[in-house]
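Biologist: Mind walking me through this one? I'd like to go from the loops to the core.

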Amino acid sequence: MSAKPKLYYFDGRGKMESIRWLLAAAGVEFEEEFLETRDQYEKLLQGGSLLFQQVPMVEMDGMRMVQTRAILSYIAAKYNLYGKDLKERALIDMYVGGTDDLMGFILMFPFLSAEDKEKQRALIVEKATSRYFPVYEKVLKDHGQDFLVGNNFSWADVHLLEAILMVEEKKSDVLSGFPQLQAFKARISSIPAIKKFLEPGSQRKPVPDDKYVETVRRVLRMYYDIKAN
């Protein structure tokens, strides 16, 4: 039996969370090593594990992979979550790319000042409801299928559900005008592997708190303030 994938990151969401989601959706158990000190990070750097001096880093199938998108693409392809042909893969890439753009507005939210957080919260909701969610609402309505691409569960579905839940943390009723997405959320959340990941005690990480922010700042030596988009 091959070793479980091992994830190197902080004990929090950040860029690793989508990797956790996709592995969980594929039913793959994984281990994690949390970075808590600068020395741990320096050891990875000195050992040559971080090609671009960045985490996330995942040990899997004899490789040490960096760059979030590359890691996600590999997992999706390995576990048949990447469509049946090039056309479906292109659609998945487009939808994942759009969802990534939306998540980008949320990723640095914990590092903002209180004043900037309120501005960013409003921006996140505005972008979600005017630019991104309408696209997925129309896709689901037009083809009348359960999933975004090829009527098969894919990386695009996993990524969209993750984004929906993240935006709902900023505004709980954000899907009120999107009936297709409401049904989609219920449908995908009921898939056994996803349902398990959403339950308490899973490796899904909670909303980032002050401890997470402080750890990231200390390990990466972030001595500057993040500005709102």
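Biologist: Is Q53 exposed or buried, and at what relative accessibility?

Modeller: Keep in mind that this is a predicted model. Q53 sits in the loop between α2 and β3, and its phi is near 60°, positive even though the residue is not glycine. The cut-off for exposed is over 50%. Q53 therefore counts as exposed, at 56% relative accessibility.

Biologist: And D61, which class does its relative accessibility put it in?

Modeller: D61 is in the loop between β3 and β4. Like any residue with a value between 20% and 50%, it falls in the middle class. Its relative accessibility is 41%, so D61 counts as partly exposed.

Biologist: What is the phi of D61, given that it is not a glycine?

Modeller: Most residues other than glycine have a negative phi. D61 goes the other way, with a positive phi of about 55°.

Biologist: Which residues does the cis peptide bond join?

Modeller: Most peptide bonds are trans. Here, look in the loop between α2 (38-46) and β3, where P56 is found. Omega is about 15° for the cis bond, and the two residues it joins are V55 and P56.

Biologist: P56 also touches I19, I think. What else is I19 in contact with, leaving aside its neighbours within four places in sequence?

Modeller: I19 is among the residues with the most contacts inside the largest nonpolar core. P56 is indeed one of its partners. Besides P56, I19 is in contact with L7, V58, T68, I71, L72 and I75.

Biologist: How are α1 and α3 oriented to each other?

Modeller: Two packed helices are described by the angle between their axes and the distance between the axes. For α1 and α3 the angle is about 5° and the axes are 10 Å apart. S18, I19, L22 and L23 of α1 make the contact with T68, I71, L72, I75 and A76 of α3. With angles under 35 degrees counting as roughly parallel, α1 and α3 are therefore roughly parallel.

Biologist: What covers the buried residues of α3?

Modeller: The buried residues in α3 (residues 68-78) are T68, I71, L72, S73, I75 and A76. Just after the helix, N80 takes a positive phi of about 55°. The cover over those buried residues includes α1 (17-25), β3 (57-60), β4 (63-66) and α6.

Biologist: Where does the largest nonpolar core lie relative to the domains?

Modeller: That core has 76 residues, and those with the most contacts inside it are I19, F133, L148, F153 and L181. Helix α6 (residues 155-168) gives the most to it, with 10 residues. Both domain 1 (4-77 + 196-218) and domain 2 (84-190) give residues to the core, so it lies between them.

Biologist: How far apart are the C-alpha centres of domain 1 and domain 2?

Modeller: The protein is divided into these two domains. Their contact takes 21 residues from domain 1 and 19 residues from domain 2. As for their C-alpha centres, the distance is 22 Å.

Biologist: Last one: in which handedness does α4 pass α6?

Modeller: The axes of α4 (residues 86-107) and α6 come within 9 Å and cross at roughly 20°. That makes α4 roughly parallel to α6. Residues meeting there include I92, Y95, V96 and T99 in α4, with W155, H159, L160 and A163 among those in α6. The crossing itself is left-handed.

Terms used. Residues numbered from 1 in each chain as written. Predicted model: local features only at pLDDT ≥ 70, side-chain atom pairs only at ≥ 80, totals over all residues. Heavy atoms only, no water. Core = buried A, V, L, I, M, F, W, Y, C linked by side-chain atoms within 4.5 Å. Buried < 20%, exposed > 50% of the residue type's maximum accessible area, 1.4 Å probe, protein only. Helix = DSSP H or I, 4+ residues; strand = E, 2+ residues; numbered from the N terminus. Domains from an automatic or database assignment. Contact = heavy atoms within 4.5 Å. Axes fitted to C-alpha atoms, helices over the stretch in contact; angles between N-to-C directions. Parallel < 35°, antiparallel > 145°, perpendicular 65-115°, else oblique. Left-handed = near helix turned anticlockwise from the far one by under 90°.
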